Amino acid sequence: MAPKKSNVVSKRHRPHEKFDKKRDTKKAKLAEKAVPTEEDLDSSEEEEDTIEEEPEAVVYRKSTTYDNLLASLGSSNKAVADMNKRRQREEEGKSDTEGDEEDDEDEEEDDDSGSEDEISTDEEDEEIQGDDQESLGGLTVNTEQENNDDHSGEEDSDGYETDEELELTTNGQPLVDASSSTSAFSEHLSHTLSSEQVKTLPEGKWKFKWEAPAIDMPNCKWKGTRQNFLDGVQSDAPYGLKPKLYKHWLQLYQKSGGKDFDSSKRRRFFSICNSYLDILHSNKRPFYNKGREEDSSAMDAYLMHSLNHIFKTRDLVKKNESKIAKHRETSEQDILSDDGFLDQGFTRPKVLILLPMRSIAFRVVKRLIQLTPEAQRVNVEHLDRFNAEFGCEDESDDDDEKTSKNGKSTTHKSSKPSDWQSLFGEKNSDDEFMLGIKHTRKSIRLYGDFYSSDMIIASPLKLHMAIGQAEENKERDVDYLSSIEVLVIDHADIISMQNWSFLTTVVDQINRLPSKQHGTNVMRIRPLYLDGQARFYRQSIILSSYLTPEMNGLFNRQCLNYKGKMKLACEYKGVLEKVLLPVRQIYERFDADSMTQADDARLEYFTKKIFPKIKDSFQGGVMIFIPSYFDFVRLRNYLKSQNASFCLLGDYTKNADISRAREWFFAGSRKIMLYTERAYFYRRYKIRGIKNLIFYSLPERKEFYPEIVNMLDEGSYDMMSTALFSRFDLLKMERIVGTASAKRMISSDKSIFAFC
């Protein structure tokens, strides 16, 4: 049975919920402390560069909590103790034979210790990561019980597929032909950071060194911090994909009517993702705004990249386990001496996809299942539950087409715009969800335990709540985020309409050292995890339909991949031609010395230049459009102090209050209305009676500008709108007035501009 239609307004914006408006106001007041810097405001400016050509790799390690863990485990297990000592000797530059005399003395002392501690330690701590790995060297077996016993032994089968490019070495000798090309996957994770990189990467300062046209995206170009690889990207099948994945993807593409897969958008963007660089794609036309094909292409690319990463990780682990099983007598020594067996993280999940709504997650997971080869999805567990909890009443492509009880198609015309219909019409817009997905040899398990899942799909709100619960209750944790290697943030523009601080909190939590040991075989953990360097190896892919300073700030300072960065820079024509009414559009620039000072400067300009004109006017019908809730609160308090006649349509305004406000404003009993961008995004109420329109700040979403301006009362004399801006609003302005006009308005000696 389909779920009930969810409330259009997300949990983030419901009054009297967990995150109420008082808390949001407090967060807004603290926002000045975390305001994006000026370098985040203009995507065309080059950031300062402190990352030069890589010097010769030097192993860099500092003491971590896992050094203490190894020492603790070594007290009860000789293999772990030997491994820990070998690690210490390597760090000190000593050979394996040095210190043998000391080791012998330590062994004699260890023989005097009791056996009870050894037994308890083996049982509690020394579990092998994964739910079916074999016992080795006295380590206990992790025998996780799954809900479906029919598939409990799937991963133990010898029929798993491996790739030729995965290199497995024994005592430093490769087992594959020397001519085989190393995959981007293994090359990325096998790299050793230099001490200079470890020092400079946390500073988050980047310089984009090259530009290249973005094919099929007019007026856009890719920019990168490393050497331009687009011309030399692998141009022959399977493009770095596992052969079975490539063959299946190609069949799906051809079956859907696609032609020339090699030159398709999805193939090209996959190759960019497979570079393992951090990516900021800020000009993706979303499915809800007549961009279904383009959105699907980007989604296909990052999902195939995620599947490829997961399957190659599994192949490497299974290949190593097979090698260990064949050499049981010497396998312990192989693990201790061969870096080829270092193939795991602290926990199993390797891919995290952050999405804003259940309906979008439903779309992504459905496509993920389709992109998985049929032989590896013979059974999709808990699919019915997933459809009920994430699906919606109507999943047709055309949201205005409904089917009546007699089976006939009827057309339902709504006053809401088409993009709103696609997002909220009959969709499940709940923004509190988290789903673990596990791939076995023949099945996909939805709703898996997070620690046994390969991929986690979640909303920032849900993960933010989980992080908060872990901070309050020490028995809980979010250690399943500790070993994420691929992070995808899709529809970041919608997330910016929810609460961006939740997203930054989640990204900051990823790749932290875990608080507990979760069945991990410590002898097979990659050094990058033990040394606390996992965040420098994590690839972050951010996709949005537009760019904001907050997105730039996240990309510059929280995405620190050593491979470098790639982002899209675009020029815009603007949307002024979509204004259908003869409206005089006035733009007034105010001066601000810094981004942190811009909010105060905007309010001061409004109170001294704009409000006196409104206050002395008897006309009424003044609507002030405000993108920021923080500015909404400040402006509301100011109007109260001036005893102004006004009404509110804000993020948390109740439906009954909204109806009254709209009636008061139309009747003229309230002269001023404050309307926030978030409220308009979620509700799309048309306001009647607007005679004078003021944009306190321009909207982030360019399509909102003509929609709001076209609300002006056609019967009013001399229709006019006024927009306030500063040089820090360039990203918004270029989407509305065009890139060329925006740059000219920012740098001009004049401060007032008019468009008619």
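How many aromatic pairs does the count come to? The answer is 33 aromatic pairs, and keep in mind that what you're looking at is a predicted model. Let's use a couple of those rings as a way in.

Start with Y253 and F261. Their rings meet edge-to-face, with 5.3 Å from centre to centre and 70° between the planes. Both Y253 and F261 are buried.

Now jump to F625 and Y675, another edge-to-face pair, this one at 6.2 Å centre to centre with 65° between the planes. Here the two partners come from distant parts of the chain: F625 belongs to strand β17 and Y675 to strand β19, 50 residues apart. F625 and Y675 are both buried too. They also belong to a bigger story, since ring pairs link them into a cluster whose members include Y587, Y680, F695 and F753.

Those two strands take us to the sheet. Seven strands make up an open, mixed sheet, running in the order β18-β19-β17-β20-β21-β16-β22. At the edges sit β18 (646–649) and β22 (752–755), each pairing on one side only. Going from one strand to the next, the twist averages 20°. Zoom in on the β18 end: β18 and β19 (residues 672–676) run parallel to each other and share four bridges. Y675 turns up again here, as the bridge partner of L649. Helix α21 (residues 629–641) packs on the sheet, where it touches β17 (622–626), β18 and β19, and its direction makes about 165° with that of β19.

On to the cysteines. The count comes to one disulfide, and it joins C220 and C570, with the sulfur atoms 2.3 Å apart. The torsion about that S-S bond is about 110°, so the disulfide is right-handed. C220 lies in strand β4 (residues 220–224) and C570 in strand β15 (residues 565–570), so the bond ties together parts 350 residues apart in sequence. Is this pair buried or exposed? C220 has 8% relative accessibility and C570 has 10%; the cut-off for buried is under 20%, so both count as buried. Two more cysteines, C273 at 0% and C559 at 1%, are buried as well.

Finally, back to rings, this time with lysines for company. K416 lies over the face of W420, at 5.3 Å from the ring centre. Over at F555, the charged end of K565 sits above the ring, 4.2 Å from its centre.

Key: Residues numbered from 1 in each chain as written. Predicted model: local features only at pLDDT ≥ 70, side-chain atom pairs only at ≥ 80, totals over all residues. Heavy atoms only, no water. Pairing = 2+ DSSP bridges. Axes fitted to C-alpha atoms, helices over the stretch in contact; angles between N-to-C directions. Contact = heavy atoms within 4.5 Å. Disulfide = S-S within 2.5 Å. Buried < 20%, exposed > 50% of the residue type's maximum accessible area, 1.4 Å probe, protein only. Phe/Tyr/Trp six-rings, centres within 6.5 Å; stacked < 30°, edge-to-face > 60°. Lys NZ or Arg CZ within 6 Å of the ring centre and 35° of its normal.
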